[in-house]
Amino acid sequence: MTPVLDLTADPVDLTAALVDVPSESGREGVLADAVEAALRAQAPHLELVRSGNTVLARTTLGRPTRVVFAGHLDTVPENRNLPSRREGGVLHGLGTVDMKGGDAVMLHLAATVAEPVHDLTFLFYDCEEVAADRNGLGRVERDLPEWMRGDLAVVCEPSNAVIEAGCQGTMRVVLRTTGARAHTARGWMGVNAVHALGGALRTLAEYEARVVDIDGCTYREGLQAVHVSGGVAGNVVPDEAVLKVNFRFAPDRSPERAEAHVREVFAGYDLTVEDVSPGALPGLGAPAAQELIAAAGGRPVAKLGWTDVSRFSALGIPAVNFGPGDPTLAHTQQENVPVEHITRCLEVLRRFVAG
């Protein structure tokens, strides 16, 4: 049975209702059905399209500008943190931060602002928390590209209810060393591949991260070992070892420049790129972005992480992150959001879209 969502309710209550519908990546169908049904019933002014477990809605008022709002419906697996519960001014539960609080704000706006000053597009998509090739926005970009277009994209990922501009790029590389097996009693007859990683590990320990200012936002890069493997048996000199390294790079580097830097840092090692996603420049000079900044007050900060703003930036669309919740709590058992974050995000975005 499809849950019934009241999109005009207090967005804190709406967040709790969304949290209480499990939607682990790949299993978003029930929640997507509920979102679609609620929008059809409560937001008749919107054009609706369904693509898999992604629900798309938009106004077609002929405004000179369009703002795209994006929020994923899926969560990581449950970790004894369902159903939701409210304690004072804090809402606890899986997805409260990442990112059903942001979804609730989007849904409330979609249903209650019928005459926005910008045309609005709302993308509620699936499979953000898993491999990038399953991300629902990729399917939208491929099959329904016009739904991605706009003058500004606002990804309602958790940002402590402040505007986080752009995002870092991320790259994962694999270093492999080889040697020759031998009995450890005669270790000099072999070549230890694990020992051969020592230079790379020292390089990482001594690495000085670059700090760069872009449009008043400070991005700090990082190069970290995230996995080490090797070894055959307790009495065998290992002949192979693997080190995986994650590079978080500022958005002024392209993936190609980021790879060149990593290869320079680890010169002499057998290195392959396993995964890469480009960053996104802040794009704060766009007129619509300036309007949002004015509505929010304060000063935008850099997004220290990767989000789907990168997808919009790659299409030439300025994009920012703005949503309730502390991103450091995402994916933790203790996930929780101050209700004032949800309220503030709604107030700011209503001021921005309603004029």
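Which residues lie on one side of β2 and which on the other, and are they buried or exposed? The close-ups below, taken from a predicted model, start with that strand.

**View 1. Strand β2 and its two faces.** Thr 54, Leu 56 and Arg 58 sit on one side of β2, with Val 55 and Ala 57 on the other, and all of them are buried. Both faces of the strand are therefore covered. The strand spans residues 54-58, and 5 of its 5 residues are buried. In a regular strand, side chains alternate between the two faces of the sheet.

**View 2. The hairpin of β1 and β2.** Here you can follow strand β1, residues 47-51, as it pairs with β2 in the antiparallel sense over 5 bridges. Look for Arg 50, which stands opposite Val 55 in β2. Between the two strands lie 2 residues, and Gly 52 in the turn has a positive phi of about 60 degrees.

**View 3. Strand β2 beside β6.** Strand β6 covers residues 119-125 and runs antiparallel to β2, with 4 bridges joining the two. A handy pair to find is Leu 56, which stands opposite Leu 123 in β6.

**View 4. The surroundings of Glu 240.** Now we move to strand β13, residues 240-249, where Glu 240 is found. Leaving aside residues up to four places away in sequence, Glu 240 touches Thr 177, Ala 193, Gly 230 and Gly 231. With a relative accessible area of 46%, Glu 240 is partly exposed. Gly 222 is 18 residues from Glu 240 along the chain, and their C-alpha atoms are separated by 26 Å.

Conventions:
Residues are numbered from 1 along each chain as its sequence is written. This is a predicted model: local features need pLDDT of at least 70, side-chain atom pairs count only at pLDDT 80 or more; totals for chains, interfaces and linings use all residues. Side-chain values use heavy atoms; hydrogens and water are left out. Buried means under 20% relative accessible area, exposed over 50%, partly exposed in between (1.4 Å probe, protein chains only). Contact means heavy atoms within 4.5 Å. Two strands pair if DSSP finds at least two bridges between them.
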